[in-house]
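Reader: I'm new to this structure and would love a close look at a single part of it. Could you walk me through the sheet, strand by strand, and show me what surrounds it?

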Amino acid sequence: MIDINIFKMLHGSNGDMPLDINILIEEGEFIALTGLSGSGKTTLLRIIAGLENIDKGKIEVENKTWIDTANKKDFTPIQKRNIGYLFQDYALFPNMSVLKNLTFVKDNKEFAHKLLDMVGLKELENRMPNTLSGGQKQRIALCRALMNQPKILLLDEPLSALDLSMRKKLQDDIKKFHEEFKITTIMVSHDPSEIYKLSSRVILLDHGKVEKEGDAKDVLLKTSGSQKFSFQGELLEIYQADILNIAIVSIGEQLVKVVLDSSQSTELKVGDMVTISTKAFAPTITKS
């Protein structure tokens, strides 16, 4: 179990924001941290890893204190936390082969071969990083994060730079590793499908605090009343086609067209964040 009860004042471009988190994570859980940019997700990962300090509070992992501001001696250094950390960038050593990137962490070729085989890249073990695609590099980085067989795996939007097909492949790899090694995993993500597919629990952060937590359906489904679906996006354009006013809205990786009534076409403007919802076959659009 991971018991996190911490406070840290963050200083960002929008001013000061308190990061005030009190959560329990069970062994073997797959936690998805989500929320708007700047809500404190990556900072929380870095605090767990020991890369950032806190102003006050305590973190306990399996009844061992990792940090406790009430007792300065209770601090477990990074190298003793048994954590694997996968960043957004690959951070591979460019002068080392794929295999050496893994065995640099721990000299265990047998286990390195097992990991590479699990992601289908064993035949690339002698290749240099600059000869690999982005997806291949990220799979190697994932394998390297697991070389110490960590108890906790921290993932900071590791798939955000990849295209959709490669993201799906890496999602399968992450799920495979999580199930194979029973690793407690905490992943920062903004991708609803990724969160739904991988997580056992979702924690939604807002301005440094836990706004909501539960399974993906409870946290991510956005409906109200009798609405059948509800999506948020950015209004990119409003134009007239014959007698109709049409809105172009960006939702995720797709553009959708919605017919506006006369009042909506005057109330809404390009750049607005909007919600598109429907009860049956007539979608409606409202400003978020």
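Author: Let's start with one pair of residues: Leu205 has Val210 in β10 as its bridge partner. That pair belongs to a longer match, since 5 bridges join β9 (residues 201-206) to β10, and these two strands run antiparallel. Please keep in mind that this is a predicted model. The mean pLDDT of the protein chain is 87, with 94% of its residues at 70 or more.

Now step back to the whole sheet. It is open and built from 6 strands, in the order β6-β7-β8-β3-β9-β10, with mixed pairing. At its edges are β6 and β10 (209-214), each of which pairs on one side only. From one strand to the next, the twist averages 20°. A helix joins the picture too: α4 (residues 134-145) packs on the sheet and touches β6 and β7 (152-156), and its direction makes about 165° with that of β6.

Let's move inward to β8 (residues 184-188). What makes this strand largely enclosed by the rest of the structure? The reason is burial: 5 of the 5 residues of β8 are buried, so the strand is largely enclosed by its surroundings. Its side chains alternate in direction as well: Thr184, Ile186 and Val188 point one way, Thr185 and Met187 point the other way, and all are buried.

On either side, β8 has a partner. With β3 (residues 30-34), β8 shares 4 bridges, and the two run parallel; within that pairing, Leu33 is matched with Val188 of β8. With β7, β8 shares 5 bridges, again in a parallel arrangement. Here Leu153 has Thr185 in β8 as its bridge partner.

Leu153 deserves a pause of its own. This residue lies in strand β7. Is Leu153 buried or exposed? Its relative accessibility is 4%, and because buried means under 20%, Leu153 counts as buried. Leaving aside residues up to four places away in sequence, Leu153 touches Gly84, Leu142, Ala145, Leu146, Ile183, Thr184, Thr185 and Ile186. Distance along the chain can be tracked in space too: Ser133 is 20 residues from Leu153, and their C-alpha atoms are separated by 23 Å.

One of those contacts, Leu142, leads us to the nonpolar cores. The largest nonpolar core has 38 residues, and Ile140, Leu142 and Phe177 touch the most other members. Ile140, for its part, touches Leu92, Val98, Leu102, Leu116, Leu121 and Leu132, again not counting residues up to four places away in sequence. There is also a second, separate core of 28 residues, which includes Ile25, Leu45, Ile59 and Ile186. In soluble globular proteins, nonpolar side chains tend to be buried together.

For a last stop, look at a loop. Thr76 is found between β5 (64-68) and β6 (83-86), and this residue is buried, with a relative accessible area of 6%. A polar atom of the Thr76 side chain lies 3.0 Å from the backbone oxygen of Thr65. Thr76 also touches Lys64, Trp66 and Arg81, among others, with residues up to four places away in sequence not counted.

A final word on confidence as you explore. Within the protein chain, it is highest in helix α2 (residues 98-103), at a mean of 96, and lowest in strand β15 (residues 284-287), at 70. Where pLDDT is low, the predicted coordinates should not be read in detail.

Key
Residues are numbered from 1 along each chain as its sequence is written. This is a predicted model: local features need pLDDT of at least 70, side-chain atom pairs count only at pLDDT 80 or more; totals for chains, interfaces and linings use all residues. Side-chain values use heavy atoms; hydrogens and water are left out. A nonpolar core is a set of buried Ala, Val, Leu, Ile, Met, Phe, Trp, Tyr and Cys residues joined through side-chain atoms within 4.5 Å. Buried means under 20% relative accessible area, exposed over 50%, partly exposed in between (1.4 Å probe, protein chains only). Contact means heavy atoms within 4.5 Å. pLDDT is the predictor's confidence in each residue, from 0 to 100. A polar contact is a pair of N or O atoms within 3.5 Å; within protein, one must be able to donate a hydrogen and the other to accept it, and residues adjacent in sequence count only if both atoms are side-chain atoms. Two strands pair if DSSP finds at least two bridges between them. Axes are lines fitted to C-alpha atoms, for helices over the stretch in contact, and angles run from 0 to 180 degrees between N-to-C directions.
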